[in-house]
Amino acid sequence: MVPTIGDIYCVYVESLQHYAACQVTDLKETGSKGSRQLAAILQLDWTGDQPPDETELLDMKPLSCNYYFWKANWDHSFVNAEVPTHYVLAGNRAPLITEETRSYSAGWQIGESLYRQHQWDAIDESRREHFKQAAEDYSEIPLGDAMVRKNTSILRNFRPTSAEDVVALVQFPCLTHIEMCGYTEDIIPFLEQNPLIYELHIHEHGQTALDLSKTHLTKLVLDMNRVNSLTLHSRIEFLSFMGDVSPDLHVNAYEEGHQMTLNVAATVPQITALSRLGGLYVRDITELDLQPVVHTYPELSELRLWGKPGNVSNIQSIQQLTSLQTLSMNDLFGFKGEDFPGPEQLPELSTLRLTSLPSDAAKTIKANYKKAAQTRIDLEIGKPRKPEWLAENLTNPFRDWDVRDHIKSAHAKKAAQLYKQCLKEIRQLAQSQISNEFIQKQLSSMVETYTQTFNKMDSKTGFIETIEREEIYVVLASLLDQLEQELGNERTIKVNREALYEVFDQLRDF
C-alpha cells in the first residue's frame, strides 16, 4: 500500500512497549523511469498504549532529537513508499513540516529515534552536559603511544593492561564505542559506571565467562574463543560472534533474545537460551540447512543471509517463521523457485530482497510475488545467475583457499580468478571451428600462464605445500576433462594431454 501525503501511521514498538508514530510529508518517484516510489517520513514525538484518536493527532509534534551528537534535529528521511503491513493508518493532517529532506533510510524504522531520545534523557544531566561541551573540543590528548581528540566517540585498537589504562578513558567525555584487544578486569566496572558507552568490541580477551549484565551496552562484538558463559544486559540489541562458538555456550539474555539480533559467520550455533531471537544475520555461508535454524529460532522477524557464495537446503522451512517481516538473501543457491514459500505462507512479510540466486528460481519467485509486491511487500530480485556463473563461482575449486591460515586472501582470490579465466578459454575453444594444431597451441599457452601465475605467487611466500600442489594439478586435469567433454566423441579434434602436462612440469617451481 502506498500512502498519501499527510498520512500518520503508528506501530507498536517493542523497545518502547508503546505505539509510536510518523507522518508522510512527501512522495517522489526515483529511477530513470520512475520505477520506484519513495515516501518522506517524519518521526513524531508521541507514544500511546493504543493507536491515537483524533484529538491526539491534532496535538502531535515532530520529534526533536538531541541525543549524543544530534542538535535538535528532526528525524526525517525518504524510505520505500510501500507501507509495512503491520503499520496502522491513524489519520491524515497537513504535513507538520514542509522542508524537503535529503536523507534516506533503509526502512520504516519508527520509534528507534524516540527510544534513543528516551535513553539519553535518562542519563544524568551533568554527564550529558559534559558530553555536549566536549563535542566541540578538537584538542588532542595523549593515550598510550597515540594522540586522541577529546571529542572522539570511537576508540579503536585499545590495548588495556592495567587499571591505569582504563582510568585514562575518563578524559574522553564523548566516548560511546570501544574496540579493545586484550583484557583487564577493570574494564567491566568502567562500563557499568558509564551509561554513554553503548558499543564494545573485544578481541583476544582469553576469558571463559563474561558478565556484562550491569553495563549499558546495546551492541557487542565478541571473540568467542574459549567463551562458555555470557551474561548480557537487557538493552543488548545486536550481538556479533567472531570465531568458533562452543556447543556448550550458555547465554543469559533478556526475554531469550526477543529484541536482539545475532550476527554469525558460516554456521549457526543452536543456542536454546536464545529461542525467542528476533533477528539473525549469517555471513560467509558455503552450506546451510535452514531447517535446524528455523527450529532453534522460531520467532525470527528478520533473517539476512550472505553466501560466499554458497548453498542453502530446506528453504521451504522458512514458511514456519510466522513472524518473519524481513528476508534478505545474497549469493545463495541450491534451491528451486517451487520450493520457496509463497506470499500467502509468509503473512507478516513486508520486505523481500533476493540478490544473486539461480535464474530459474528468480523467475518463478518474481512471478509468485508479483501481486503481493503491488499491495504489501517491498520486493527486490536481482542478479539472476545462470549455470555458467555457478560453475565459475560456486564450484570454483580454489574458493576455499581463503580460509587456510597460510594462504593470503590476495593469493586465494587470484587463484579463483585464474580458474575462471581458464574455464572461459576452455569454453571458447570448445565452441570454435579451428584446427587441432591451433587448439593445442592455445592450450599450451593457457597451461603456461596457469603455471607461471602460481610460480609468481609462491615465490613471495612459499605457500604452496603438498595439498595445494596436488590441487593445482587436479584442477588443470579437470579443465582438460571439461574441454574433451564439450568437444564430444564425434569431433575429430583430440587434446594431447601428455604434451600439456610436460609444459606444466617443466615450468613449475613449486
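Within the chain of this predicted model, confidence reaches its lowest mean, a pLDDT of 78, in helix H9 (residues 387-393), and its highest, 97, in helix H6 (residues 290-296). Averaged over the chain, pLDDT is 91, and 98% of the residues score at least 70.

The strands named below belong to an open sheet of 11 strands with parallel pairing, whose order runs E10-E11-E12-E14-E16-E18-E19-E20-E21-E22-E23. At its edges lie strand E10 (154-158) and strand E23 (378-385), each of which pairs on one side only, and from one strand to the next the twist averages 10 degrees.

| Strand | Residues | Role in the sheet |
|---|---|---|
| E10 | 154-158 | edge strand |
| E11 | 177-181 | pairs with E12 in the parallel sense |
| E12 | 199-203 | pairs with E11 in the parallel sense |
| E23 | 378-385 | edge strand |

The pairing of strand E11 with strand E12 extends over five bridges, and His 177 stands opposite Glu 199 in E12. Helix H7 (residues 359-368) packs on the sheet, where it touches both strand E22 (351-358) and strand E23, and the direction of H7 makes about 150 degrees with that of E22.

Another helix, H2, can be described through its buried side. In helix H2 (residues 112-121), the buried residues are Ser 113, Leu 114, Tyr 115, Gln 117 and Trp 120. These buried residues of H2 pack against three strands, namely E2 (18-30), E3 (36-48) and E4 (64-65), and also against helix H3 (125-134).

Definitions and conventions
Residues numbered from 1 in each chain as written. Predicted model: local features only at pLDDT ≥ 70, side-chain atom pairs only at ≥ 80, totals over all residues. Heavy atoms only, no water. Buried < 20%, exposed > 50% of the residue type's maximum accessible area, 1.4 Å probe, protein only. Helix = DSSP H or I, 4+ residues; strand = E, 2+ residues; numbered from the N terminus. Contact = heavy atoms within 4.5 Å. pLDDT = per-residue confidence, 0-100. Pairing = 2+ DSSP bridges. Axes fitted to C-alpha atoms, helices over the stretch in contact; angles between N-to-C directions.
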